[in-house]
Amino acid sequence: MRLVRRVDRVGGSNKLPKVPLVPPGGIFRLSVSGFAGHLEAVLIAPLLPTYARADLAFERGEGTWLLGTDGKRYLDFSGGVAVNALGHAHPALVKALTEQAQKVWHVSNLFRIPEAERLAKRLVDASFADTVFFANSGAEAMECAIKMARKYHAVSGKPEKNRIITFDGSFHGRTLATLAAAGNQKYLDGFGEPMPGFDQVRYGDLEDAKKAITPATGAILAEPIEGEGGIRVPPPSFLRGLRELCDNNGLLLVLDEVQSGMGRTGKLFAYEWAEIEPDILATAKGIGGGFPLGACMATAEAAKGMTAGTHGSTFGGNPLAMAVGNAVLDVILAPGFLEKVRHSGLLIKQRLAELRDRHAAVIAEVRGEGLLIGLRAIVPQGDLIAAAREEGLLTAAAGENVVRLLPPLIIGEAEISEAVGKLDAACRKIEISLAASKRGAAE
Ligand SMILES: Cc1ncc(COP(=O)(O)O)c(C=O)c1O
């Protein structure tokens with residue numbers, strides 16, 4: 001706890017009054033009046049309290065498990081919000097990172113980085129893309145994608161085509177551009193004029209997207225599955241329709257696969273399910289398996305405006321990140337790996353559908369593809385998340401009252417069973433408390 005600002009302090013001694021400890025996530029205003037004078041202060045935790053954190057910390061992780069500082073073991077289905085694609089402390093990733101750490105950490109993009117060239121070539125060989133820009137996060141990968149789409153039209157002699165159609169329920173990051181793209185008022189409030197250039201329409205609604213196209217439209221930006229929005233899965237015809245709209249109107253199709261990419265849905269990228277290809281794609285999260293890494297991938301045509309000096313990042317593509325990225329790709333692209341993810345996805349969905357049938361008062365719906373899964377709750381999602389945590393299962397919240405399940409892609413059948421067992425126990429406890437409050441209301 002720390003006094004960070006003192007306002008209107010009159011008279012009295014220099015001693016601060018005794019105040020309660022500011023908890024993590026806490027910020028409050030202190031106002032004390034007494035015969036020594038009047039003191040007002042803003043008290044804030046040393047760690048900027050922009051997150052509503054669970055009161056839980058971890059000592060170490062191994063595979064799908066985390067060991068809490070409370071001594072309890074947790075099955076991690078929050079996966080660092082879809083980041084820990086290979087679980088915790090995967091031996092191949094630990095080896096890659098520690099070996100690289102003994103060679104060279106950082107050189108900057110003033111020089112060639114062979115591991116970046118290698119990772120870019122491998123991503124190009126495995127996807128629609130011809131070229132890759134490395135960043136450090138999803139939002140940065142998205143910034144590159146937005147700039148690239150605008151630049152494409154500028155160098156094509158149509159600088160007026162700088163508007164992008166985006167969708168409700170989307171999430172693209174927390175920079176000013178990505179917030180404006182997603183258009184979520186809750187996240188924009190208080191940060192001034194949103195960056196212009198985005199026209200938002202209903203997710204999954206092709207007609208709405210078509211109607212929004214004007215001579216100033218340059219691109220359409222969508223998540224193949226909306227993650228933060230609540231694991232909203234559109235029909236495959238949606239992405240196909242967007243591709244067609246782009247082709248017919250000279251627009252670029254930009255996909256945000258920050259969450260859905262890198263094997264999460266059982267394909268390297270989720271666009272593959274729809275059998276289309278984008279012009280630009282942003283990915284992050286799983287690509288670094290826990291090391292900060294993002295990538296903006298594009299066709300040669302879409303990237304034609306991105307010449308030397310048009311974009312950059314001090315850390316992007318740094319040797320440590322590249323070593324880990326290559327090691328992640330070694331595992332994900334190994335023969336049979338993605339088939340196993342698809343198998344695990346089907347198994348868990350089947351088990352969750354049974355769970356929903358058993359607990360129809362708690363769970364309304366199971367959604368998702370592969371290991372990007374959502375349970376739409378009937379009770380407040382926070383109750384289900386807390387009850388699951390009590391049972392030793394970690395999950396994450398999403399829009400539409402959804403509880404996200406994001407296990408590592410390496411998950412085994414025994415862990416799936418254990419997780420479903422823990423959810424079962426959590427649902428039973430919620431049902432017991434629902435029944436008790438019903439009885440209480442009847443009395
Ligand atoms: C689809 C999508 N895009 C972009 C982002 C932003 O990524 P980051 O938090 O790494 O900036 C996220 C993060 O949750 C995401 O889910």
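These are my notebook entries on a few strand pairings and helix packings in this structure, which is a predicted model.

**Entry: the hairpin.** I began with strand 2 (residues 27-34) and strand 3 (residues 37-44), which run antiparallel and are joined by 8 bridges. I found 2 residues between them, and the two strands form a hairpin. For a handy landmark, I noted that Ile27 stands opposite Ile44 in strand 3.

**Entry: a helix pair.** Next I looked up helix 2 (residues 91-101) and helix 9 (residues 319-332), whose axes are 9 Å apart and meet at an angle of about 155°. Because angles over 145 degrees count as roughly antiparallel, helix 2 is roughly antiparallel to helix 9. I logged the crossing of these two helices as right-handed. On the helix 2 side the contact includes Leu93, Ala96 and Leu97, and on the helix 9 side it includes Leu320, Val324 and Val331. Sorted by class, this contact has 12 nonpolar, 2 polar and 1 charged residues.

**Entry: the open sheet.** How are the 4 strands of the open sheet ordered? I read the order as 14-15-18-17, with antiparallel pairing. Strand 14 (363-369) and strand 17 (396-398) each have a single partner strand, so one side of each is left without a neighbour in the sheet. On average, neighbouring strands here are turned by 30° against each other, direction ignored. Inside the sheet, I checked strand 15 (residues 372-377) and strand 18 (residues 402-405), which pair over 4 bridges; Ile373 stands opposite Leu405 there.

**Entry: helices on the sheet.** I saw helix 10 (residues 337-358) lying across strand 14 and strand 15, at about 170° to strand 14. Helix 11 (residues 381-390) also packs on the sheet, touching strand 15, strand 17 and strand 18. Its direction makes about 35° with that of strand 18.

Notes. Residues numbered from 1 in each chain as written. Predicted model: local features only at pLDDT ≥ 70, side-chain atom pairs only at ≥ 80, totals over all residues. Pairing = 2+ DSSP bridges. Axes fitted to C-alpha atoms, helices over the stretch in contact; angles between N-to-C directions. Parallel < 35°, antiparallel > 145°, perpendicular 65-115°, else oblique. Left-handed = near helix turned anticlockwise from the far one by under 90°. Contact = placed C-beta atoms within 7 Å. Nonpolar A, V, L, I, M, F, W, Y, C, P; charged D, E, K, R; others polar.
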